[in-house]
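Me: I have a predicted model open here, and I would like to go through the reasoning behind some of the labels attached to it.

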Amino acid sequence: MPELLRAVKGMNDIFAPASGHWEWLEAQVRELMARYAYRNVRTPIVEPTALFVRGLGEVTDIVEKEMYSFEDRLNGEQLTLRPEATAGVVRAVLEHNQLYDGPKRLYYLGPMFRHERPQRGRYRQFHQVGAEALGFAGPDVDAELIAMAADLWAQLGLSDIRLELNSLGQPPERLAHRQALIAYLEQHAAQLDDDARRRLHSNPLRVLDSKNPDLQALIEAAPKLIDYLGAQSLAHFDALRALLDAQGIGYRINPRLVRGLDYYNLSVFEFVTDTLGAQGTVCAGGRYDGLLEQIGGKPAPAVGWALGMERILELLKLQGKLPPPALPDCYAVVPQPEAMVQVLPLLRQLRAAGLAVQMHGAGPEGLSSMKAQFKKADASGARYALVFGAAELAAGQVAVKPLRADAPGALTEQTLLPLAQAGQWAARLRA
């Protein structure tokens with residue numbers, strides 16, 4: 001026999017009941033986005049490699065080590081499976097001139113791809129939800145996006161998530177801080193690890209992100225960006241804090257919260273938890289006013305965030321907040337195959353009335369015995385078994401048998417129901 005093919009390591013198949021949790025979370029997100037008047041955008045999974053090199057920077061772990069890039073054999077084009085979605089959303093907005101009539105509020109859901117070592121909360125194919133507000137310059141929309149994420153945690157019933165906040169200022173301010181940071185790190189070059197030395201001149205802000213325990217004291221004493229901010233940057237940051245205070249949204253200012261790329265500016269924030277260990281960041285965002293111009297468009301302000309769905313689902317699981325699995329209302333027990341001519345039209349009527357009905361289908365050996373079918377009905381979690389025996393059908397009836405003690409519908413024992421009244425019963429059951 002041919003060798004059994006398996007999924008790529010770090011890319012997961014998802015079946016019920018877990019897939020039901022995904023659907024539920026996606027529905028919660030869509031409901032929240034609708035309340036905030038954010039509209040869905042869908043962009044390709046494959047983009048030109050140059051988009052991410054330009055958008056993320058050549059000297060980043062994502063571009064250097066993690067992207068799934070390849071050459072199109074038909075035309076030689078360099079392509080990449082998207083490692084994140086913001087660059088693609090910005091590319092799409094610019095390409096289709098979406099800002100011609102004013103700012104846009106957009107959101108997306110979908111898979112991303114990074115070639116890294118799979119571990120808890122970190123996969124090679126992972127899924128993100130993101131919200132992007134393009135064309136808005138004020139701290140009011142920064143606060144709106146933060147409030148949206150906070151509302152999502154409340155809607156999902158999650159706890160132990162805290163907000164960390166910082167300001168990156170503007171490019172000239174970051175340049176002054178960058179020069180001071182490089183000078184400081186050069187003075188302590190002997191204490192740096194190999195990764196920090198590699199980034200010292202190309203991307204020194206990323207040194208502040210190091211998780212190396214031996215570097216933490218050095219990082220803590222490093223020059224802080226907030227000390228280099230000018231009056232306008234501080235005013236934006238103070239206004240954002242006031243808007244969060246007005247909404248009762250707590251936060252902690254974290255001067256080590258940075259982004260390493262030039263197009264990020266002003267507000268930067270993360271929602272973090274201690275519940276997930278090392279993968280504690282569940283949502284990260286901030287302002288990227290320089291990205292549209294860097295990708296080739298006219299300068300325009302923008303701000304957004306992204307969250308990892310796998311991490312949110314893991315957090316929901318650990319906190320006992322996952323919804324119960326979706327179960328059918330009824331399970332159709334059909335002893336004789338010839339009864340299907342009458343049964344299938346009736347089941348369609350019940351489904352049209354809003355009931356979830358699972359039908360027992362024939363296997364390789366035909367329909368199972370009544371005993372086996374009732375066993376399947378009970379295992380399905382259905383509240384009722386609908387028994388379409390020959391005698392019942394000949395009398396124009398179906399036997400309705402409660403399978404759960406708490407089954408609604410005013411039926412506590414097996415009852416014969418006229419087929420013509422099945423739709424009315426279904427309506428009562430859904431009421």
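Reply: Let us begin with a cut-off: a residue is called buried when its relative accessible area is under 20%, and exposed when that area is over 50%.

Me: Why is threonine 86 called buried or exposed, whichever applies?

Reply: Threonine 86 has 16% relative accessibility, and because the limit for buried is under 20%, threonine 86 counts as buried. Its place is in helix H4, residues 86–95, and, leaving aside residues up to four places away in sequence, threonine 86 touches Tyr108, Glu132, Tyr288 and Leu291.

Me: What makes glutamate 132 count as buried?

Reply: Glutamate 132 has a relative accessibility of 1%, which is under 20%, so glutamate 132 counts as buried. This residue is found in strand E6, residues 125–134, and its contacts beyond four places in sequence include Thr86, Lys104, Arg105 and Trp305. According to the unreviewed UniProt entry, the annotation "binding site" covers Thr86 and Glu132, among other residues.

Me: How do you know which strands stand at the edges of the sheet with the order E13-E12-E14-E15-E16?

Reply: That open sheet has 5 strands with mixed pairing. Strand E13 (357–359) and strand E16 (415–418) each have a single partner strand, so one side of each lacks a neighbour in the sheet and these two stand at the edges. From one strand to the next, the twist averages 30°.

Me: What makes E14 and E15 a pair?

Reply: Two strands pair if at least two bridges are found between them, and strand E14 (residues 384–387) and strand E15 (residues 397–402) are joined over 4 bridges in the antiparallel sense; alanine 385 stands opposite lysine 401 in E15.

Technical notes: Residues are numbered from 1 along each chain as its sequence is written. This is a predicted model: local features need pLDDT of at least 70, side-chain atom pairs count only at pLDDT 80 or more; totals for chains, interfaces and linings use all residues. Side-chain values use heavy atoms; hydrogens and water are left out. UniProt positions are given in the numbering used here, feature names are shortened, and annotations may be inferred rather than shown by experiment. Buried means under 20% relative accessible area, exposed over 50%, partly exposed in between (1.4 Å probe, protein chains only). Contact means heavy atoms within 4.5 Å. Axes are lines fitted to C-alpha atoms, for helices over the stretch in contact, and angles run from 0 to 180 degrees between N-to-C directions.
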